[in-house]
Amino acid sequence: MTVYSFYIFDRHTECIYTKTWLPQTSSTSDGPSSGGGGGGGQQQQHGPPGTSTSTSTTTGSGSGSGNTTMQLRASSADDAKLIFGTVFSLRNMVRKLGGDDDAFVAFRTAHYKLHYYETASSLRLVMLTDTGTPSMRNVLHQVYINLWVEYVVKNPLSPVEHKRGVGVKNELFEMALDQFIRGLM
Amino acid sequence: MTVFALIIINKAGGLIYNRSFHEGGLNTLSTNDYLVLAGTFHGVHAITARLNPLKAVNNRTSTSSGGGAPFTRPDPPSGLEVLETENFRMQCFTTMTGIKFLLFTDTTQVNVDRTIQRVYEMYTDYVLKNPFYQLEMPVRCDMFDRKLGSHIREINNR
């Protein structure tokens, strides 16, 4: 099971938190050492000879990495908007067809699976995983009750409305979320 | 095990066939709502095809692998295939020509792949081979209605 990314949208449809666990996010931070494989940092640690064989390619990818980081940053902001649009349309569609008590749980394409959980206060949690993952609804529920409520809602310094993610990106929440998701993988 | 409904959407996002097989499974909507639903789904499907989280990673590996690795064709983009909700499950099958078949079933239905494939076969046999049928236009073929009805009834009574 692999988790690709995680998004939180507030009731004003704004994306207030986003986090990705894709292989390239770790490789951009530590530069040319993990440029060749592209298969994630963990594989690189297992096979040091593999990195030495691909020295010629690391220079090529190193020069392009600045450009790709820019593209990735732009695309992740766009992705959040696209994801919200998708989820919102599907939710309305499902409620129209299945009745007002029906809730949209997940959808799958050939490449990824998107899990959705909405709280009573219209906070929307979205997670993208690989296609083989079973329902992550309870996981998202756990994220809400154990992480969001504990570290964001109960934080006295956190505002009620999280405009542009203010109050969400605190150390405790980020660390606990990362630990929780890595524990699942 | 119940098949609730079938919707066929043409490649422009227009509703060309809509039939319900089971009362009480899904809410019955007005024709206008079904048209809106088909159009909305068409758009959502196009977005979900673009939202591949691995796309950036795959691009990067393909450019950095250089000339040594044999060229591998990237996977074709794929939009939404299965939608799960609390009350029903929707399977979407897209043909090579862009026609979408949406089959609504209950959440425990098995072998939906096979069923939707069979529906597509019926569409090719009884709709596309009908000399009076115009492409991209609403499906009004008695033969298709009859064969589809009996096939789904068989599944629902199983």
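Me: Which residues of H1(B) are buried?
Reply: In this predicted model, the buried residues of H1(B) are B:Leu37, B:Ala38, B:Phe41, B:Val44, B:His45 and B:Thr48. The cut-off for that word is 20 or more other C-beta atoms within 10 Å of the residue's own.

Me: What makes the buried residues of H1(B) line one face of the helix?
Reply: Seen down the axis of H1(B), they fall within an arc of 140°, so they line one face.

Me: How do you know that the span of helix H1 of chain B agrees with its number of residues?
Reply: Helix H1 covers residues 31-50 of chain B, which is 20 residues. The expected span is 1.5 Å times one less than the number of residues, so 28 Å should separate the ends of H1. Its end C-alpha atoms are 29 Å apart, which agrees.

Me: What does the same check give for helix H4 of chain B?
Reply: Helix H4 (residues 142-156) has 15 residues and reaches 21 Å from its first C-alpha to its last, close to the expected 21 Å.

Me: Why are the buried residues of H4(B) placed on the same side?
Reply: The buried residues of H4(B) are B:Phe144, B:Leu148 and B:Ile152. They cover an arc of only 45° around the axis, and therefore sit on the same side of H4(B). Strand E1 (3-9) and helix H3 (112-128) of chain B are included in what covers them.

Me: Which residues are exposed on the other side of H4(B)?
Reply: They are B:Asp142, B:Arg146, B:Gly149, B:Ser150 and B:Glu154. Exposed requires 12 or fewer C-beta neighbours within 10 Å.

Me: Why is B:Thr105 called buried?
Reply: B:Thr105 has 25 C-beta neighbours inside 10 Å. The cut-off is 20 or more, so B:Thr105 counts as buried. B:Thr105 lies in strand E5 (residues 100-105) of chain B. Beyond four places in sequence, its contacts are B:Thr2, B:Val3, B:Phe4, B:Phe88, B:Arg89 and B:Val112.

Me: How do you know that E4(B) and E5(B) pair?
Reply: Pairing needs at least two bridges. Six bridges join E4(B) to E5(B), and these strands run antiparallel. B:Gln91 stands opposite B:Leu103 in E5(B). In this hairpin five residues lie between the strands, and B:Gly98 takes a positive phi near 95°.

Me: How many bridges support the pairing of strands E3 and E4 of chain B?
Reply: Strand E3 (residues 82-85) and strand E4 (residues 89-94) pair over three bridges, in the antiparallel sense; at least two are needed. Three residues lie between the strands of this hairpin. B:Val82 stands opposite B:Gln91 in E4(B).

Me: What pattern do the helices and strands of chain B follow along the sequence?
Reply: The pattern is β-β-α-α-β-β-β-α-α. The secondary structure comes to four helices and five strands. Buried residues make up 27% of the 158 residues in chain B. Among contacts between residues at least 6 apart in sequence, 50% join residues at least 24 apart.

Me: Why should residues 25-64 of chain A be read with reserve, and what is the pLDDT there?
Reply: Across residues 25-64 of chain A, pLDDT stays under 50. Where pLDDT is low, the predicted coordinates should not be read in detail. The model has 41 contacts beyond four places in sequence for residues 25-64. Chain A has a mean pLDDT of 77, with 72% of its residues reaching 70 or more.

Methods:
Residues are numbered from 1 along each chain as its sequence is written. Chains are lettered from A and ligands numbered from 1 in the order in which they are written. This is a predicted model: local features need pLDDT of at least 70, side-chain atom pairs count only at pLDDT 80 or more; totals for chains, interfaces and linings use all residues. Helices (H or I, at least four residues) and strands (E, at least two) are DSSP runs, numbered from the N terminus. Two residues are in contact if their C-beta atoms, placed from the backbone, lie within 7 Å. pLDDT is the predictor's confidence in each residue, from 0 to 100. The arc is that of the directions from the helix axis to the C-beta atoms.
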